[in-house]
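Reader: Could you take me carefully through one part of this model, the protein surface that faces the nucleic acid, and say which side chains are involved?

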Amino acid sequence: MQEKYTPSDIEKTAQTHWESTQAFRAVASKAKPKYYCLSMFPYPSGKLHMGHVRNYTIGDVLTRFHKMRGYNVLQPMGWDAFGLPAENAAIQNSVPPAQWTWDNIAYMKQQLQSLGFAIDWSRELATCQPAYYKWNQWLFLRMLEKGIAYKKTQVVNWDPVDQTVLANEQVIDGRGWRTGALVEKREIPGYYLNITKYADQLLDDLDKLPGWPERVKTMQANWIGKSHGVRFAFPYTLDGKEEKLWVYTTRADTIMGVTFVAVAAEHPLAAYAAKNNAELAAFIEECKHVSVMEADMATMEKKGVPTGLFVTHPLTGEQVEVWIGNYVLMGYGEGAVMAVPAHDERDFGFALKYKLPIKQVVAVAGQTFSADAWAEWYSDKQNGTCIHSGKYDGLGYAAAVDAIAADLSAKGLGEKTTQYRLRDWGVSRQRYWGCPIPIIHCGSCGSVPVPDDQLPVKLPEDCVPDGSGNPLHKREDFLNVPCPKCGKPAKRETDTMDTFVDSSWYYARYASKFSETAMVDEETAYWMPVDQYIGGIEHAILHLLYSRFWSKVMRDLGLVNYDEPFANLLTQGMVLNHIFSRHPEKGAIQYFAPEEIDLQKDDAGRITGARAKADGLPVTYQGIGTMSKSKRNGVDPQALIDQYGADTARFFMMFASPPEQTLEWADSGVEGAYRFLKRVWAFGHTLSAQPQCPVPQTLDSALGTIRREVHLTLKQATYDLSKHQFNTVASAGMKILNALEKAQKDGAEGWLSVAQEGFSILLRLLSPITPHIAHVLWQGLGHGDDILTAPWPEPLAAALVQDEIELVLQVNGKHRGSIKVPAGADKAAIEAAALADETTQRFLEGRPAKKVVVVPGRLVNVVV
RNA sequence: GCCGGGAUGGCGGAAUCGGUAGACGCAGCGGAUUCAAAAUCCGCCGCCGCAAGGUGUGGGGGUUCGAGUCCCCCUCCCGGCACCA
């Protein structure tokens, strides 16, 4: 065995061994329990970043740990290969997205392989492969048949200069990211998936997921947002015709406090009012530039204009004025809302601003209402009772809603309904680099589904988008196709699918045999559901919800037999880094990588300014945020791997923090991880020259303590692994080595036997985290051919026993010392020992103790 | 704005149930080895204090023999907000 630790040789040796033994090839088998360990597949952005290393190391640690625990493990990998960055790269470098994507995949795959992950590469897939996305199209057609997929208008961001639809990410401060043009809202047709039909199942089945973090389940439940309320109407007469303005509210108990109603700018009533009113028309035009993003909607200035139109309050018969509000969205609910300024904070602010009446209709005992300022209790449902509400006076929330709903219903003007915040999933994207939607538009037959035997509709792979719309519009060979129904010339749909479709079922495809004739096959039933899914917390809602929905649709079509795709979920925290940018007057924002920046800091270490190294000119410090390609703040792990090796990179990543926690990137601890592995190697090298010797019956007491520490640390580390707390597992490895080195230095009789036993424990404990060094040392020390097949170590009871234990001594809850008692001492004995202690006597000053609290095995507290 | 999460030494973090705050590392300081350096090894290391001791887990209040941990209020940071993935 070589004396010096050389990661490159060691890692090559181990990886060659795994390659030649096909160590990670997963085969369905009833002989062992299965464990499907899946990390979210990466978008092939170019290079791995630290978030990937973190994600995939976590998955690999769990994979290898379960292998050693006797499971039949599957860990696959693939590529979320469609998406916007490929088009952006095409615009910049004139390279077709397909080529750019495949080049990135090749590079990143080699990076993943150099990290030594226990991946079954025979199951690799990329979502841009026709053999994969064919089944997106196939399932979409099944959804069309079942009415789950349907067509309606959608609102998009329109760049009037580039004549193209922009992603939310491409809209910055209301302007197009490349052109700087003011972005407009535009309504265009698109396909939707009826996820709201599954809203109750998606909500209720969260209870079937005990292995998911509570916070993720809470976020999903809130996102679905099931609410019970009342849908009702304000009748009105327009041009002699009886009409109804419908609204939905969860606060029907405040209906007597309605002082106006607000409709969206796109509402028919708004259009009617604006016909002969230039001011209204101008406001509606202004609303076209309101962002479609919820975050912008919620934070923007709420504006409104009265229409001069009135509707009738359904219960009081009073006339209520209709306003147009920029905060009311046509797409949500009815496109109109009732306004109760006294009991809704947003309405309150709006009423103050426009001097609209505020009418209190709910009171809370002991509180005084003032129309001058909002108070939290105004919207309190729990403790309020109705006032100024006629026959409803004195009723609480539930009773008032019941009574009011009954009265509305009797008039045919409303009823109780259940609503969801969740909206149907719009899947059409006006983009090139995605899965084509399998529809053909015929002048006579309308939108015709592509017949199954003509699937997949293949995307031409040689297009180069230039930023001005979808290049498919110019591809005659793609566009022109005979209508499947009538045979006349027709045009293909050029929209592609949301990439969330691609990632909604890839896990099921990994688990099957990549059949050309079926979406999934019978092997899927063996591996699914995923036993452990690992991915970033940023996917807590959308990706996970869409995958759950897609699974339920597949189940209802009889394709799979599970209700939920992911039994256990680990959401890793984001890896963050500094973000630097420059914002030219016109054109795209320019981002700078942290290594391209010189920082200025104040005395407290706060960042006060930044300049680009290249030109010395200032750049904007945007604070800290997720590592991403677009913001150029990712750190490429390659330099780390090249300098220290994969084991150090993996070890450091696990050691840096617990997996669920956000991690601000800093590489200052990498040296320490490398030092540790060098010590592991050196200790292994020392042992390799020694003969095997068993642990004797009796040990020197100091050596016994060391052995006890090793086994105790092992016990703790195994528990920590079950809790997914890998950082303390890494520390446990360090503690064990510290203990073994101490044994060696003390050199007591029998040290070698304790060191050999402890080191074999250490290697197995480390092998999921640093598999290469563990593999080579395990073989080199003659423990066996393959540490992968070695059993996980168990702490020995005999090594853990001790005769005497130390208890913390507190006086009045303050730590004052310690006492030693026999391991089996009972409460009375401990109390006596504590009271007899010198320190206790000093504090008692001759008085009797008021109380003595004994916590077995831990402490004793004397209250004076 | 709304939903979810977080805050512990100079830094990353540890502390199963409410029971010794700071494990394990990084950085720093002192020493050994060396012609010298790198590497390695040994020791010290929350803050105030010469010490006794006091004080300390983002800030304020509360419960308890005892609070980083439980309850109430506040501040700041991160993630998500439906076309980034």
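Author: The surface near RNA strand B is made up of 28 nonpolar, 27 polar and 18 charged residues, where Ala, Val, Leu, Ile, Met, Phe, Trp, Tyr, Cys and Pro count as nonpolar, Asp, Glu, Lys and Arg as charged, and the others, Gly among them, as polar. The model is predicted, and local features need pLDDT of at least 70, while side-chain atom pairs count only at pLDDT 80 or more and totals for chains, interfaces and linings use all residues. Residues are numbered from 1 along each chain as its sequence is written, chains are lettered from A and ligands numbered from 1 in the order in which they are written, and side-chain values use heavy atoms, with hydrogens and water left out.

A residue is taken as near the strand if one of its heavy atoms lies within 4 Å of it, and of the 73 residues around RNA strand B, those that come nearest are N168, R431, A656, Y719 and N861. Seen from the RNA, 65% of the atoms of strand B within 4 Å of the protein belong to sugar or phosphate, and the rest to bases.

Helix α22 (residues 726-746) supplies the largest share of this surface, seven residues; helices here are DSSP runs (H or I, at least four residues), numbered from the N terminus.

Several polar contacts, meaning pairs of N or O atoms within 3.5 Å, can be followed to particular parts of the RNA. An N or O atom in the side chain of N727 lies 2.9 Å from a phosphate oxygen of RNA strand B, whereas the side chain of N222 places an N or O atom 2.8 Å from a sugar or linking oxygen. At a base, a polar side-chain atom of E294 is 3.0 Å from an oxygen of RNA strand B.

Notes
Polar contact = N/O pair within 3.5 Å; in protein donor to acceptor, adjacent residues only side chain to side chain. Helix = DSSP H or I, 4+ residues; strand = E, 2+ residues; numbered from the N terminus.
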